Amino acid sequence: MNKGIAIYPGSFDPPTNGHLDLIERGSKIFEELVVAILRNSEKSPMFSVAERFQMLTTLTAHLKNVRLDTFGGLMVEYAKSIDATCVLRGIRAISDYEYELQMALLNRKLEPTLETVFMMPADKYSYVSSRLVREVAQLGGPVKGLVPEVVEHKLRQKLEPAYKLQNIRGIVETPRKRKKKA
Ligand code: PNS
């Protein structure tokens, strides 16, 4: 086991089975792993930071050397502030590599003492991303097997009112459309 603190930073919007797989792998090789949720992302998130924090807390409760935190600003500054020596990032496919390499090298330029460690999630999660999970869920598709059950439940809770509204609109709008055609 590696001595010291590692951070696993990300958006986790929402956390996927791939994220969880990586956290479990990381927890086996680092003494302490801090899962750090970015607070000031430019993207407009589906889940609030508090919701993501809560989901990840539940999902990692069985891992005693994993803790949750949030951060804003530069990741390297946050890493320094908690004495982390490593950054953990996942690489699913070659398509991830270019962006991850660029980020790792820029982070090294900003803070040469901070090492980035890449790990691969299980191959069955190699096509899973938060973005695609959000898209499938927003379009009413099944996300079973892509995200933990807790997250599946939260997605349903968040999106069900929208589905219901769409259905109500469908019922109300159909007769009007028919009227116009007649
Ligand atoms: O899950 P994501 O969205 O791929 O995570 C990206 C994240 C949060 C690791 C990255 O955007 C980040 O570290 N942002 C903090 C700001 C920062 O340090 N930017 C310079 C990166 S080289």
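This passage describes the ligand site of a predicted model, the pocket around it and an adjoining topic, the backbone of one loop.

The ligand sits in the largest pocket. That pocket holds about 1300 Å³ of space. It is lined by 44 residues, and those closest to its centre are Gly10, Ser11, Lys43, Arg89 and Tyr99. By class, the lining of the largest pocket comprises 19 nonpolar, 15 polar and 10 charged residues. Several secondary-structure elements supply at least two residues each to this lining. The helices among them are helix 1 (17–29), helix 4 and helix 5 (130–138). The strands are strand 1, strand 4 (84–90) and strand 5 (115–119). Helix 4 gives the most to the lining, with nine residues.

Around the ligand itself there are 13 residues. Ser11, Lys43, Met75, Arg89 and Met103 come nearest. Ser11, Lys43 and Arg89 are also listed among the residues closest to the centre of the largest pocket. Seven residues of the shell around the ligand are nonpolar, four are polar and two are charged. Strand 1 (2–10) and helix 4 (94–110) each supply at least two residues of this shell. Helix 4 again gives the most, here with three residues. Helix 4 is thus the top contributor to the shell around the ligand and to the lining of the largest pocket.

Polar contacts to oxygen atoms of the ligand were examined next. An N or O atom in the side chain of Ser11 is 2.6 Å from an oxygen atom of the ligand. Met75 contributes through its backbone: an N or O atom there lies 2.8 Å from a ligand oxygen atom. Arg89 places a polar side-chain atom 3.0 Å from an oxygen atom of the ligand. Taken alone, the ligand exposes 550 Å², and the protein buries 77% of that area.

The loop between strand 1 and helix 1 carries two backbone features. Phe12 is found in this loop. Its phi is near 50°, a positive value in a residue other than glycine. Pro14 is found in the loop between strand 1 and helix 1 as well. A cis peptide bond joins Asp13 and Pro14, with omega at about 5°. Both features stand out because most residues other than glycine have a negative phi, and most peptide bonds are trans. Strand 1 and helix 1, the elements joined by the loop that holds Pro14, each supply at least two residues of the lining of the largest pocket.

Technical notes
Residues are numbered from 1 along each chain as its sequence is written. This is a predicted model: local features need pLDDT of at least 70, side-chain atom pairs count only at pLDDT 80 or more; totals for chains, interfaces and linings use all residues. Side-chain values use heavy atoms; hydrogens and water are left out. A residue is near a molecule or strand if one of its heavy atoms lies within 4 Å of it. A polar contact is a pair of N or O atoms within 3.5 Å; within protein, one must be able to donate a hydrogen and the other to accept it, and residues adjacent in sequence count only if both atoms are side-chain atoms. Accessible areas come from the Shrake-Rupley method with a 1.4 Å probe; for residues, only the protein chains shown count as cover. On a 1 Å grid over the protein atoms alone, a cavity is a set of points where a 1.4 Å probe fits but cannot get out, and a pocket is an open set with protein on both sides within 12 Å along at least five of seven lines; lining residues have an atom within 4 Å of a point. A molecule sits in a cavity or pocket if more than half of its atoms lie within 2 Å of its grid points. Helices (H or I, at least four residues) and strands (E, at least two) are DSSP runs, numbered from the N terminus. Ala, Val, Leu, Ile, Met, Phe, Trp, Tyr, Cys and Pro count as nonpolar, Asp, Glu, Lys and Arg as charged, and the others, Gly among them, as polar. Grid points are joined across faces, edges and corners, and a volume is the space filled by probe spheres set on the points.
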